[in-house]
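Work through the exercises below with the sequence and the coordinates at hand. Each task is followed by a stepwise solution.

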Amino acid sequence: MKKRFSTGGKDSPWQRRWFVLKDGFLFYYTKRCKSDQVFNNHPKGVIPLVNASDLELSHGRFSFSVGSRTFKLRGRSSVETKRWYD
């Protein structure tokens, strides 16, 4: 998947990341890892989803807000994007 975030109305460039959803947190990594080793590596970032709001699916990507940041994610296909959204 690729992600970008917005702060103050400005979008960052799309960045390729690998995501793991666990216990209400979305961990993202810069490198692909085997699924059994993913938590042995330090994530690039962690998004707490407990306070996420404004979830929206549109144009093959989805977005949500956490605090003042809006995260936008898109998969390699609209099917992959929808699978993550659901």
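For residue classes, Ala, Val, Leu, Ile, Met, Phe, Trp, Tyr, Cys and Pro count as nonpolar, Asp, Glu, Lys and Arg as charged, and the others, including Gly, as polar. The model is predicted.

**Exercise 1.** Determine the lining of the second largest pocket and its make-up by class.

Step 1. The pocket holds about 170 Å³ of space.
Step 2. Its lining consists of Leu21, Leu26, Leu49, Ala52, Leu55, Phe62, Phe64, Leu73, Trp84 and Tyr85.
Step 3. Sorted by class, the lining has 10 nonpolar residues, no polar ones and no charged ones.
Step 4. Strand β8 (61–66) and helix α1 (78–85) each contribute at least two lining residues.

**Exercise 2.** List the residues of the largest nonpolar core and find which strand supplies its largest share.

Step 1. The core has 10 residues, namely Met1, Phe19, Leu26, Tyr28, Ile47, Phe62, Phe64, Val66, Phe71 and Leu73.
Step 2. At least two of these come from each of β5 (25–29), β8 and β9 (69–74).
Step 3. The largest share, three residues, belongs to β8.
Step 4. Phe62, a member of this core, also lines the second largest pocket. Beyond four places in sequence, Phe62 touches Met1, Leu55, Glu56, Leu57, Phe71, Lys72, Leu73, Thr81, Trp84 and Tyr85.

**Exercise 3.** Decide whether Lys3 is buried or exposed, and list its contacts.

Step 1. Lys3 sits in strand β1 (residues 2–7).
Step 2. Its relative accessible area is 2%; buried means under 20%, so Lys3 is buried.
Step 3. Outside its neighbours within four places in sequence, Lys3 contacts Pro13, Trp14, Gln15, Arg17, Phe19, Tyr28, Lys72 and Leu73.

Conventions: Residues numbered from 1 in each chain as written. Predicted model: local features only at pLDDT ≥ 70, side-chain atom pairs only at ≥ 80, totals over all residues. Heavy atoms only, no water. 1 Å grid on protein atoms, 1.4 Å probe; cavity = no way out; pocket = protein on both sides within 12 Å on 5 of 7 lines; lining within 4 Å. Points joined across faces, edges and corners; volume = space filled by probe spheres on them. Helix = DSSP H or I, 4+ residues; strand = E, 2+ residues; numbered from the N terminus. Buried < 20%, exposed > 50% of the residue type's maximum accessible area, 1.4 Å probe, protein only. Contact = heavy atoms within 4.5 Å. Core = buried A, V, L, I, M, F, W, Y, C linked by side-chain atoms within 4.5 Å.
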